[in-house]
Every structure is written in C-alpha cells, then in structure tokens.
Amino acid sequence: MLESYQMEIFNRWGEKVFETDNPNRGWDGSFMNTGYFVPDGCYALIITYRSVLSDEKQIHKGQITFTR
C-alpha cells in the first residue's frame, strides 16, 4: 500500500507532458490530458512513491518510447 505516489513524464526539452498522483492512472500519450497526442519519440519518466511500510521515499527514473 502506498502513502504517496507521483508519476511525471517529460519530453526531451524537459517540458512536463503528463503528471498524476493516482497509481491506477496511466498515460495515454496526450499532452497534459488535452486530447492532443505528443509526437512519437523517447520520453523521460520519474516515479516517486513512499510505502506505508517504509518511511523512505523511492525514486525510479527511466525512459519510455511513445509510438502511435
């Protein structure tokens, strides 16, 4: 069980294209849920969470490739 959660996705210029604090909500490829899809490409992903079992904040970074 999670005490806190945040997922952020950034384009190659560092502009945030998606953000959520709901671990059950994924990214559909749209820019900030506007309905306009981002261009195909590689995006940076940062997931930050804290478990109720541990007081330590966990940060996971990676890349995802978006294609339509």
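Colleague: What makes you list Glu8 and Met32 among the contacts of phenylalanine 18?

Modeller: Contact is called when heavy atoms come within 4.5 Å. In this predicted model, with neighbours within four places in sequence set aside, phenylalanine 18 is in contact with Met7, Glu8, Ile9, Arg25, Gly26, Trp27, Met32 and Asn33. Glu8 and Met32 belong to that set, so they are listed.

Colleague: How do you know that the coordinates can be read at this level of detail, and what is the mean pLDDT of the protein chain?

Modeller: The mean is 93, and 100% of the residues reach 70 or more. Local features here need pLDDT of at least 70. Among the elements, β1 has the lowest mean at 94 and β2 the highest at 97.

Colleague: Which residues make up the largest nonpolar core?

Modeller: There are 10 in all: Tyr5, Met7, Ile9, Val17, Phe18, Trp27, Val38, Tyr43, Leu45 and Phe66. They count as a core because they are buried residues of the listed nonpolar kinds, joined through side-chain atoms within 4.5 Å. β1 (2-10), β2 (16-20) and β3 (41-51) each supply at least two of the core residues, and β1 gives the most, with 3.

Colleague: Why is the sheet called open, and what order do its strands have?

Modeller: The order of the 4 strands is β2-β1-β3-β4, with antiparallel pairing. β2 and β4 are the edge strands, since each pairs on one side only. On average, neighbouring strands are turned by 15 degrees against each other, direction ignored.

Colleague: How do you know that β1 and β2 pair, and how many bridges join them?

Modeller: The cut-off is at least two bridges between the strands. β1 and β2 are joined by 4 and run antiparallel, so they pass. One of the partnerships sets methionine 7 against threonine 20 in β2.

Colleague: And how many bridges does β3 make with its partners, β1 and β4?

Modeller: With β1 there are 8 bridges, antiparallel, and isoleucine 9 has leucine 45 in β3 as its bridge partner. With β4 (residues 57-66) the antiparallel pairing extends over 10 bridges. There, tyrosine 43 is matched with isoleucine 64, and alanine 44 with glutamine 63. Both pairings satisfy the rule of at least two bridges.

Colleague: Which strands form hairpins, and how many residues lie between them?

Modeller: β3 and β4 form one, with 5 residues between them. β1 and β2 form another, also with 5 residues between them, and glycine 14 in its turn has a positive phi of about 85 degrees.

Colleague: What makes the meeting of lysine 16 and glutamate 8 a salt bridge?

Modeller: The nitrogen to oxygen distance is 3.0 Å, and the rule asks for a side-chain nitrogen of Lys or Arg within 4 Å of a carboxyl oxygen of Asp or Glu. The pair therefore qualifies. Glutamate 19 and lysine 16 meet at 3.3 Å, and arginine 68 and aspartate 40 at 3.8 Å. The count comes to 3 salt bridges.

Colleague: Why say that the arginine 68 pair ties together separate parts of the chain?

Modeller: Arginine 68 lies in the segment after β4 and aspartate 40 in the loop between β2 and β3, so the parts they join are 28 residues apart in sequence. Glu8, Lys16 and Glu19 are joined into one network by salt bridges that share partners.

Colleague: Which of these charged residues are buried, and which are exposed?

Modeller: Glutamate 8 has a relative accessible area of 13%; buried means under 20%, so it is buried. Arginine 68 comes to 65%, and exposed means over 50%, so it is exposed. The values in between are partly exposed: lysine 16 at 27%, glutamate 19 at 33% and aspartate 40 at 46%.

Colleague: What makes methionine 32 and asparagine 33 worth a look at phi?

Modeller: Each has a positive phi without being a glycine: near 45 degrees for methionine 32 and about 60 degrees for asparagine 33. Methionine 32 lies in the loop between β2 and β3, as does asparagine 33. Methionine 32 is partly exposed at 36% relative accessibility, and asparagine 33 is partly exposed at 41%. Both residues are also in contact with phenylalanine 18, which brings us back to your opening question.

Definitions and conventions:
Residues numbered from 1 in each chain as written. Predicted model: local features only at pLDDT ≥ 70, side-chain atom pairs only at ≥ 80, totals over all residues. Heavy atoms only, no water. Buried < 20%, exposed > 50% of the residue type's maximum accessible area, 1.4 Å probe, protein only. Axes fitted to C-alpha atoms, helices over the stretch in contact; angles between N-to-C directions. pLDDT = per-residue confidence, 0-100.
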